[in-house]
Amino acid sequence: MANHFSQLARKSKSNTFVEKVSKNQSDAKPHKKIYTLGSDVLRQNAKRISKVDNSIRNLAKEMLQSMYAAKGIGLAAPQIGINKDLLVIDVNFEDSSAEPLILINPEITDYGTTLNSYEEGCLSIPGVYLNVIRPSIVKLKFRDEMGRPRKMKADGLLARCIQHEMDHLNGVLFVDRVTSKEDLNKELIKEGFHEKDVIPIK
Ligand code: NI
């Protein structure tokens, strides 16, 4: 998810492993290529991770570096062409002491009944910002970077970001969920993207 809502940021849970990843990636070594709307890799179902080992932890680290370099608040593995159920999120990217979230094999276990509409962006669709309706609260389970099972409840920007990133694991992009076709087409054309690459959610 693109960074557009930093003012709503809230704290995430402690995580010592990723403290080593600097949030200031402006002059860091080249980061991973982020695929954009129209790329087939964004439309695949990602696969569950059976073993959380060093290769997964390194991948999470590279994803965090890429996300910070691109000034995003969330990145899913399929966006860098890796077909795995892994995503990283940091809604507090401007706060160097706040630690990011690494979600492995995330599953939403419950949605709140309240829906809200909020503007989203995506590192895979740069420059495009549109309103999307989603549940405002989610509960989820996942594994952390040490493979430990975890549960959490999220609301606000974090809940929205989690749902946006989890969509990526199912080959879904936020533009698929935009209800105003007129706004959608206008915004896509403005940034050089194509309506034919959108797969509307029924
Ligand atoms: Ni995205």
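## Exercises on a predicted model

Asp 40 lies in the segment before α1. The model used in these exercises is predicted.

**Exercise 1. Decide whether Asp 40 is buried or exposed, and state how far it is from Pro 78 in space.**

Step 1. Count the C-beta neighbours of Asp 40 inside 10 Å: there are 9.
Step 2. Compare with the cut-off, under which a residue with 12 or fewer is exposed. Asp 40 therefore counts as exposed.
Step 3. Turn to Pro 78, which is 38 residues from Asp 40 in sequence. From C-alpha to C-alpha, the two are 9.9 Å apart.

**Exercise 2. List the order of helices and strands along the sequence, and state what percentage of the residues is buried.**

Step 1. Take the elements: three helices and seven strands make up the protein's set.
Step 2. Read them along the sequence, which gives the pattern α-β-β-β-β-β-β-β-α-α.
Step 3. Of the 202 residues in the protein, 37% are buried.
Step 4. Consider contacts between residues at least 6 apart in sequence: 70% of these join residues at least 24 apart.

**Exercise 3. Check the span of helix α1 against its number of residues, then find which elements cover its buried residues.**

Step 1. Helix α1 covers residues 54-69, which is 16 residues.
Step 2. At 1.5 Å a residue, α1 should span 22 Å. The C-alpha atoms at its ends are 22 Å apart, so the two values agree.
Step 3. Pick out buried residues of α1: among them are Leu 59, Ala 60, Met 63 and Leu 64.
Step 4. The cover over the buried residues of α1 includes β1 (74-76), β2 (86-89) and β3 (101-111).
Step 5. Look at one buried residue in detail. Beyond its neighbours within four places in sequence, Met 63 contacts Leu 75, Ala 77, Ile 80 and Val 88.
Step 6. Just after α1, Lys 71 has a positive phi of about 60 degrees.

**Exercise 4. Do the span check for helix α2, and decide how far the rest of the structure encloses this helix.**

Step 1. The 14 residues of α2, residues 156-169, should span 20 Å at 1.5 Å a residue. Its end C-alpha atoms are 21 Å apart, which agrees.
Step 2. Count the buried residues: 13 of the 14 in α2. The helix is therefore largely enclosed by the rest of the structure.
Step 3. Past the end of α2, Gly 171 follows with a positive phi of about 70 degrees.

**Exercise 5. Work out the strand order of the open sheet, name its edge strands, and place the two helices on it.**

Step 1. The sheet has five strands in the order β1-β2-β3-β6-β7, paired antiparallel.
Step 2. At the edges stand β1 and β7 (149-155). Each has a single partner strand, so one side of each lacks a neighbour in the sheet.
Step 3. From one strand to the next, the twist averages 40 degrees.
Step 4. Place α1: this helix packs on the sheet and touches β1, β2 and β3, with its direction at about 40 degrees to that of β2.
Step 5. Place α2: this helix also packs on the sheet, where it touches β1, β2, β3, β6 and β7. The direction of α2 makes about 20 degrees with that of β1.

**Exercise 6. Describe the pairing of β6 with β7 and the turn between them.**

Step 1. Strand β6 (residues 137-143) runs antiparallel to β7 and is joined to it by seven bridges.
Step 2. Find opposite residues: Lys 139 faces Lys 153 in β7, and Leu 140 faces Met 152 in β7.
Step 3. The hairpin has five residues between the strands, and Gly 147 in this hairpin takes a positive phi near 85 degrees.

**Exercise 7. Classify Asn 105 by its neighbour count and list its contacts.**

Step 1. Asn 105 belongs to strand β3.
Step 2. With 19 other C-beta atoms within 10 Å, Asn 105 is partly exposed; the cut-off for buried is 20 or more.
Step 3. Apart from neighbours within four places in sequence, Asn 105 contacts Arg 48, Ile 49, Asp 85, Phe 142 and Arg 143.
Step 4. Phe 142 is 37 residues from Asn 105 along the chain, and their C-alpha atoms are separated by 5.4 Å.

**Exercise 8. Find which element supplies the largest share of the largest nonpolar core.**

Step 1. The largest nonpolar core has 52 residues; those with the most contacts inside it include Met 63, Leu 87 and Ile 162.
Step 2. At least two residues of this core come from each of α1, β1, β2, β3, β6, α2 and α3 (181-190).
Step 3. Helix α2 gives the largest share, seven residues.

Conventions
Residues are numbered from 1 along each chain as its sequence is written. This is a predicted model: local features need pLDDT of at least 70, side-chain atom pairs count only at pLDDT 80 or more; totals for chains, interfaces and linings use all residues. Helices (H or I, at least four residues) and strands (E, at least two) are DSSP runs, numbered from the N terminus. The expected span of a helix is 1.5 Å times one less than its number of residues. Two residues are in contact if their C-beta atoms, placed from the backbone, lie within 7 Å. Two strands pair if DSSP finds at least two bridges between them. Axes are lines fitted to C-alpha atoms, for helices over the stretch in contact, and angles run from 0 to 180 degrees between N-to-C directions. A nonpolar core is a set of buried Ala, Val, Leu, Ile, Met, Phe, Trp, Tyr and Cys residues joined through C-beta atoms within 7 Å.
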